[in-house]
Amino acid sequence: NSMNRVIVIGNGFDKAHGLKTGYRDFIDGYWDQVALSIYNGYKLHLLQQWGVWNDPAPYEDEFVKSYVTYSRTSEKGCQEQIERPYGNDSYSDLCDFVIKFNSNNLTGNTLHVTFKNEFFKHISERCSLMNWLDIENEYYAQLKELLAENNAMLRHEKVRKLNLDFDAVKKRLVSYLSEIVPEIELKPFPSIQDVFSSQIQPIEVACGKQRLFIDSIISGIIQLGKGDDGIVKTDVVSEDKKEDPDYLFCRSKEEENRLYVLKRLKDDYLRRDHCTPVHTLILNFNYTRTAEKLYARKKDEIINIHGELDNPRNPIIFGYGDELDEDYKRIEKLQDNDFLENIKSVRYHETSNYKKLLDFIESDPYQVITMGHSCGNSDRTLLNTLFEHPNCISVKVYYHQREDGTDDYTDLIRNLSRNFNDKAAMRDKVVSKEKCSPLVPLL
């Protein structure tokens, strides 16, 4: 019996290290590239400096098509999608340009920007509207909307189209990440390095898990106390210690052992030897391997649960993972496998990763630490398994501290609570804010 730890790594972890791997970064990067292709730098320079309106270049890729017609037509390109830009993002900037170009009387020409991928149109607009975006949640929301379609054939066609569109977005995201990740030189943060080798503090352990915690320490002491003859000592309390009157009230050897450990929990030596996790599992939800490169020690186990870039043996898993949702049961009843194409738990069986995770959490008591994972619904099935397992003794959150001194601890806890069916267990297991720290503290 040993004390273990699972470190959950999410996108916020990469972002803290300067990697622009968020969905918002991906969409902004895409529209910047499209804008550059349509009104390349020189044409924009002429317009800004001299007010010269040159016709934008035609452009086409798997998501959009852009071209100019040499007359005023009723078709208004981007204006069909958006009346006026919402945010200060790259998509809005492009729409702004289209609207200005089409209302400019000097050229008399019309710039059309039309979407070939409905799902990409939807997420571009959402990103502009919301300022942030979760592509996987948006996919699931669209999937659920199709439940309202009663015509089975039509529904099947629509889900096939949605999956094709979603697949194109996934491919583009993978190539975007493959391009940007090698460009950044990563540097480790001492604050994060310390967490990887830190002890599990007794005060962080759930009340309902104290006995499991104490018993784990006792078995650790017993393991260390094995004699040369291989005979296991089951008594951790030496005879001279039993003179302490408190031991008179113990009715069994087990109770004596527990009392002994409780009395010595403030002892630095005991904590160092028995509260430092024996095994650490890095459970990485990102497609990049930042934690592995910067912080993993030789003995740490690493599971890239959502796959890796450029590794065909561990393909990217991108989709939805909330089987606790009410509508999920309705989706399963449809008997249409296309609806289940991007459900994560179906995909998990394609590698041995999920099985490895289950083996780890079944073996011994463990603490969960989250770093940069929003604990949102798109990973709810897996996180629920992790948090509600009887061996989970504590859940500790490292939150994001913003420039203005505010942080996202409360948001994280709200998201976290959705991953628990047992709310009492959640209140007991989640470590309170004063005992948590920022992932990267402001100086």
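**Helix α14, the nonpolar cores and two buried polar residues**

In this predicted model, the exposed residues E326 and K333 are carried on the face of helix α14 that is turned away from its buried side. The helix spans residues 326-333, and within it D327, Y328 and I331 are buried. These three residues lie on the same side of α14, because the arc that they cover around the axis is only 110 degrees. Such an arrangement can be understood from helix geometry, since an α-helix has 3.6 residues a turn, so residues three or four places apart point the same way. Among the elements that cover the buried residues of α14 is α7, which comprises residues 135-145. At the start of α14, the backbone nitrogen of D327 is approached to within 3.1 Å by a side-chain oxygen of D325, while the helix is followed by Q335, a residue with a positive phi, near 60 degrees.

Helix α14 also takes part in the interior of the protein, as one of the elements that each supply at least two residues to the largest nonpolar core. This core has 53 residues, and those with the most contacts inside it are W31, F120 and I135. Other elements that each supply at least two of its residues include the helices α2, α5, α6 and α7 and the strands β3 and β4, whereas the largest share, nine residues, comes from α8. When residues up to four places away in sequence are not counted, W31 touches V64, S90, Y91, L94, F115, F120 and S124. A second core, separate from this one, consists of 33 residues, including V6, L382, L386 and M426. In soluble globular proteins, nonpolar side chains tend to be buried together.

Burial is not restricted to nonpolar residues, as D25 and N419 show. D25, which is found in helix α2, is buried yet has no salt bridge, and the nearest side chain of opposite charge, that of K15, is 4.0 Å away. The side chain of D25 does, however, reach the backbone nitrogen of G22 at 2.9 Å. With neighbours within four places in sequence left aside, the contacts of D25 are with K15, K20 and Y176.

N419 is located in the loop between α18 and α19, and it counts as buried because its relative accessibility is 0%. A polar atom of the N419 side chain lies 3.1 Å from the backbone oxygen of N415. Beyond its neighbours within four places in sequence, N419 is in contact with C375, G376, R380, L383, N384 and F387.

Definitions and conventions:
Residues are numbered from 1 along each chain as its sequence is written. This is a predicted model: local features need pLDDT of at least 70, side-chain atom pairs count only at pLDDT 80 or more; totals for chains, interfaces and linings use all residues. Side-chain values use heavy atoms; hydrogens and water are left out. Buried means under 20% relative accessible area, exposed over 50%, partly exposed in between (1.4 Å probe, protein chains only). Helices (H or I, at least four residues) and strands (E, at least two) are DSSP runs, numbered from the N terminus. The arc is that of the directions from the helix axis to the C-beta atoms. Contact means heavy atoms within 4.5 Å. A polar contact is a pair of N or O atoms within 3.5 Å; within protein, one must be able to donate a hydrogen and the other to accept it, and residues adjacent in sequence count only if both atoms are side-chain atoms. A nonpolar core is a set of buried Ala, Val, Leu, Ile, Met, Phe, Trp, Tyr and Cys residues joined through side-chain atoms within 4.5 Å. Lys and Arg count as positive and Asp and Glu as negative; His and the chain ends are not counted.
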